[in-house]
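Trainee: Before we discuss any particular part of this structure, could you walk me through it by question and answer, with the reasoning spelled out each time?

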Amino acid sequence: MDKEEKLRRHRIACKKHYWKPKVRAKKKIYKKKYDLENKEKISKYGYKKRARPEYQVRVKKWREEHKKHLKEYNKNWRKNNKERKKKMDRDYFLNNREKVNKTSEIWRNNHKGKVKKYNQKYYTSPKGIISYTHHNHKRIATIKERPCDLSNDKVKKILERDKVCVYCGSSKRLELDHIVPLKLGGNSLYNNFVVACKRCNTTKSGKDVFEWCNLKGIEVPKIVLELKKKL
Ligand SMILES: [Zn+2]
């Protein structure tokens, strides 16, 4: 038997030995222990390996060839790790605020049509209406220097309480109406709001509720009377 044949047989024997379940289990345990004890060494080695230019070229080539697979894989990962992704994004934003703001501004400028479409969709959805109403009233209250305690939850509560315009019963283009208008010294606190349609809100505008209802020839709604007692 020559040297090469001997070596070949030795290799096969080794392979056979290490593929035995008992030996494999033992090796697995040993590897786990070694990995735990030499974390730094391994990560340093891995970092060195990944930093080599030929390695990066290989990775790039692999990525090009498996674009479809990667897309699917990443999509699935994001779907299954929603909370983790959210936290990662949040952390990244907090650490790179300026950079993110700059890139998003450039993106918005290059995709004006898309942004417009998205805004239209968002601000006509229930969530968007609530958010828009909250911020708008807060902004007006700040300008007029009035107290404001609105939040998204409170706007939602008011909309769910009244459901339709309290003056005419319409369900089109609903807004929040100040019972005591800002013009007459009203504030933007929770109890000063009822739901009104755009038409009623604009015609009522800065007028007193009783006066306006009288003018329009309708009864003052119960909810308005109730809330007015609390003011
Ligand atoms: Zn109305």
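Mentor: We begin with the term that the burial statements rest on: a residue is buried if 20 or more other C-beta atoms lie within 10 Å of its own, and exposed if 12 or fewer do. Please keep in mind throughout that this is a predicted model.

Trainee: How many of the five residues of β1 are buried?

Mentor: Strand β1 covers residues 174-178, and the burial cut-off is applied to each of its residues in turn. The strand is largely enclosed by the rest of the structure, because the number of its five residues that are buried is four.

Trainee: In which sense do β1 and β2 pair, and over how many bridges?

Mentor: Two of the pairings can be named: Leu174 stands opposite Cys197 in β2, and Glu175 has Ala196 as its bridge partner in that strand. Taken as a whole, β1 and β2 pair in the antiparallel sense, and the number of bridges is five.

Trainee: Which residues of β2 point one way, and which point the other way?

Mentor: In a regular strand the side chains alternate between the two faces of the sheet. Strand β2, residues 193-197, is mostly covered, with five of its five residues buried, and burial therefore does not tell the two sets apart, since the residues pointing either way are all buried. One set consists of Phe193, Val195 and Cys197, and the other of Val194 and Ala196.

Trainee: Is Cys197 buried or exposed?

Mentor: Cys197 is found in strand β2, and, leaving aside its neighbours within four places in sequence, it is in contact with Cys165, Cys168, Ser170, Lys172, Arg173 and Leu174. A residue needs 20 or more C-beta neighbours inside 10 Å for burial. Because Cys197 has 20 such neighbours, it counts as buried.

Trainee: Is Arg173, one of those contacts of Cys197, buried or exposed?

Mentor: Arg173 lies in the loop between α10 and β1, and its phi is near 45°, a positive value in a residue other than glycine. Because Arg173 has 12 C-beta neighbours inside 10 Å, it counts as exposed.

Trainee: What is the phi of Lys163 near?

Mentor: Lys163 has its place in the loop between α10 and β1, and with 11 C-beta neighbours inside 10 Å this residue counts as exposed. Its phi is a positive value in a residue other than glycine, near 65°.

Trainee: How are α9 and α10 oriented to each other?

Mentor: Two packed helices are described by the angle between their axes and the distance between the axes. For helix α9 (residues 126-143) and helix α10 (residues 152-162), the axes come within 9 Å and cross at roughly 115°, and α9 passes α10 in a right-handed crossing. Angles of 65 to 115 degrees count as roughly perpendicular, and α9 and α10 are therefore roughly perpendicular to each other.

Trainee: Which residues in α10 are met by residues of α9?

Mentor: On the α9 side the participants are Ile130, Ser131, Thr133 and His134. The residues of the contact of α9 with α10 divide into two nonpolar, four polar and one charged. On the α10 side the residues met are Asn152, Val155 and Lys156.

Trainee: What separation do the C-alpha atoms of Lys3 and Arg52 have?

Mentor: Lys3 lies in helix α1, residues 3-18, and counts as exposed because it has 7 C-beta neighbours inside 10 Å. Lys3 and Arg52 are 49 residues apart along the chain, and their C-alpha atoms are separated by 37 Å.

Note on methods: Residues are numbered from 1 along each chain as its sequence is written. This is a predicted model: local features need pLDDT of at least 70, side-chain atom pairs count only at pLDDT 80 or more; totals for chains, interfaces and linings use all residues. Axes are lines fitted to C-alpha atoms, for helices over the stretch in contact, and angles run from 0 to 180 degrees between N-to-C directions. Angles under 35 degrees count as roughly parallel, over 145 as roughly antiparallel, 65 to 115 as roughly perpendicular and the rest as oblique. A crossing is left-handed if the near helix is turned anticlockwise from the far one by less than a right angle, and right-handed if clockwise. Two residues are in contact if their C-beta atoms, placed from the backbone, lie within 7 Å. Ala, Val, Leu, Ile, Met, Phe, Trp, Tyr, Cys and Pro count as nonpolar, Asp, Glu, Lys and Arg as charged, and the others, Gly among them, as polar. Two strands pair if DSSP finds at least two bridges between them.
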